[in-house]
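Colleague: I'm new to reading models like this one, and I'd love a close look at a single part. Could you walk me through it slowly?

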Amino acid sequence: MFRRREPVPFAFIAEADHFRSNVTPPERERPSAGQRAGRALVGLTVVAGLVGALLIGMPALSIDQTTQHVQQSEASDSR
């Protein structure tokens, strides 16, 4: 790849370290009890949904030895 010979139009981005601010951002607001309870309920709902889907889907995924049938076509049944 070739290099550009003209200067980069936004050279100030490369010198951003010189312009760092010493102003500290404000402290984060602590979530209220209602917000914490809401987040916990959402988390529990998601986990309960995943567990429920797993419990409902497990019988469909298991191989049941008693219900295995050998399928035969009707054409092979002709006598």
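Is Val-46 buried, partly exposed or exposed?

Modeller: Happy to help, and please keep in mind that this model is predicted. Val-46 has a relative accessible area of 48%. Exposed begins over 50% and buried means under 20%, so Val-46 counts as partly exposed.

Now let's see where it belongs. Val-46 is part of helix α1, which runs over residues 33-61. With 29 residues at 1.5 Å a residue, α1 should span 42 Å, and the 41 Å between its end C-alpha atoms agrees with that. The helix is hardly covered, as zero of its 29 residues are buried.

Val-46 also has partners on the surface: together with Val-42 and Leu-50, Val-46 makes a nonpolar patch of about 300 Å².

Finally, step back to the whole chain. It holds one helix and zero strands, and buried residues account for 0% of its 79 residues. Its accessible surface is about 8,800 Å², with 60% belonging to carbon and sulfur atoms.

Technical notes:
Residues are numbered from 1 along each chain as its sequence is written. This is a predicted model: local features need pLDDT of at least 70, side-chain atom pairs count only at pLDDT 80 or more; totals for chains, interfaces and linings use all residues. Side-chain values use heavy atoms; hydrogens and water are left out. Patches are made of residues with over 30% relative accessible area and no salt bridge: like charges are joined within 9 Å, nonpolar side chains (Val, Leu, Ile, Met, Phe, Trp, Tyr) within 5 Å. Accessible areas come from the Shrake-Rupley method with a 1.4 Å probe; for residues, only the protein chains shown count as cover. A salt bridge is a side-chain nitrogen of Lys or Arg within 4 Å of a carboxyl oxygen of Asp or Glu. Helices (H or I, at least four residues) and strands (E, at least two) are DSSP runs, numbered from the N terminus. Buried means under 20% relative accessible area, exposed over 50%, partly exposed in between (1.4 Å probe, protein chains only). The expected span of a helix is 1.5 Å times one less than its number of residues.
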